[in-house]
Amino acid sequence: MHDELLTPEEARALIQAASGRAPTGVRNRALVAVMYRSGLRPGEALALAVEDLDAEAGTVRVPARKGGSRRTTGVDATTRRLIAAWIARRVQRGIDPSAPLFCTLAGEPLKAAYVRELLPRLARRAAIAKRVHPLALRYANAAELAEEGVPAPVIDRHLGVAPVGAARRYRRPVGEQEVAAAIAAREWSL
């Protein structure tokens, strides 16, 4: 499985494979960055509203999924800049502010199938030979956090997963503010 994980360089190349000028490319850069750097599932990223992002605090409120509850995690400065570029394009194009954060140029919701088709296309452009799928970004995020020494309870809370078995009893509770601060403070560049 480790040879299937995207490296940080591959994840950056994937993001850079989307156009930095075309409106859909600007959107796709921000979308892929959010999935990669904030560990969001495709459905979570596509369900985000503009107001779910608090750029000043470096947080994103992740919508509830599959009977779960909402959670808040962090968004680093580089990802916030990519999102800001997309939001500026949305405003230029007159996209309704109530449209999902990541929407079509007509303000319609994007479908998960779009993301499933987008990532392999970007991977080919970036000359990434391994299979690239939406959860690959989430797995890369988790692996990088673990390699950086982020404690498992913080990673679990960040990703919105519950520890299983006996681990539940031995893990200290982690607050959303601690998670958001840890994720928002991470640095990277394109």
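## Order along the chain

Walk along the sequence of this predicted model and the pattern you meet is α-α-α-β-β-β-α-α-α-α-α-α. Put as a tally, the protein chain has nine helices and three strands.

How does the chain's radius of gyration sit against the globule rule for 190 residues? The radius is 16 Å and the rule gives 16 Å, so the chain is as compact as a globular protein of that length. If you like box dimensions, the C-alpha trace spans about 50 × 35 × 30 Å along its principal axes.

## The little bit of sheet

The three strands make an open sheet in the order β1-β2-β3, and the pairing is antiparallel. Out at the edges are β1 (53-54) and β3 (71-74), each with pairing on one side only.

Zooming in on one pair, β1 runs antiparallel to β2 (residues 59-62), with two bridges between them. For something to click on, try Asp 54: its bridge partner in β2 is Thr 59.

## Inside and contacts

Of the 190 residues in the protein chain, 47% are buried. As for who touches whom, take the contacts between residues at least 6 apart in sequence: 60% of these join residues at least 24 apart.

## Surface and charge

The protein chain exposes about 9600 Å², and 53% of that comes from carbon and sulfur atoms.

How many positive and negative side chains are there? The count is 30 positive and 20 negative, and the centres of the two sets lie 4 Å apart.

How values were computed
Residues are numbered from 1 along each chain as its sequence is written. This is a predicted model: local features need pLDDT of at least 70, side-chain atom pairs count only at pLDDT 80 or more; totals for chains, interfaces and linings use all residues. Side-chain values use heavy atoms; hydrogens and water are left out. Two strands pair if DSSP finds at least two bridges between them. Helices (H or I, at least four residues) and strands (E, at least two) are DSSP runs, numbered from the N terminus. The radius of gyration is taken over C-alpha atoms; the globule rule is 2.2 Å times the number of residues to the power 0.38. Buried means under 20% relative accessible area, exposed over 50%, partly exposed in between (1.4 Å probe, protein chains only). Contact means heavy atoms within 4.5 Å. Accessible areas come from the Shrake-Rupley method with a 1.4 Å probe; for residues, only the protein chains shown count as cover. Lys and Arg count as positive and Asp and Glu as negative; His and the chain ends are not counted. The place of a charge is taken as NZ of Lys, CZ of Arg, CG of Asp or CD of Glu.
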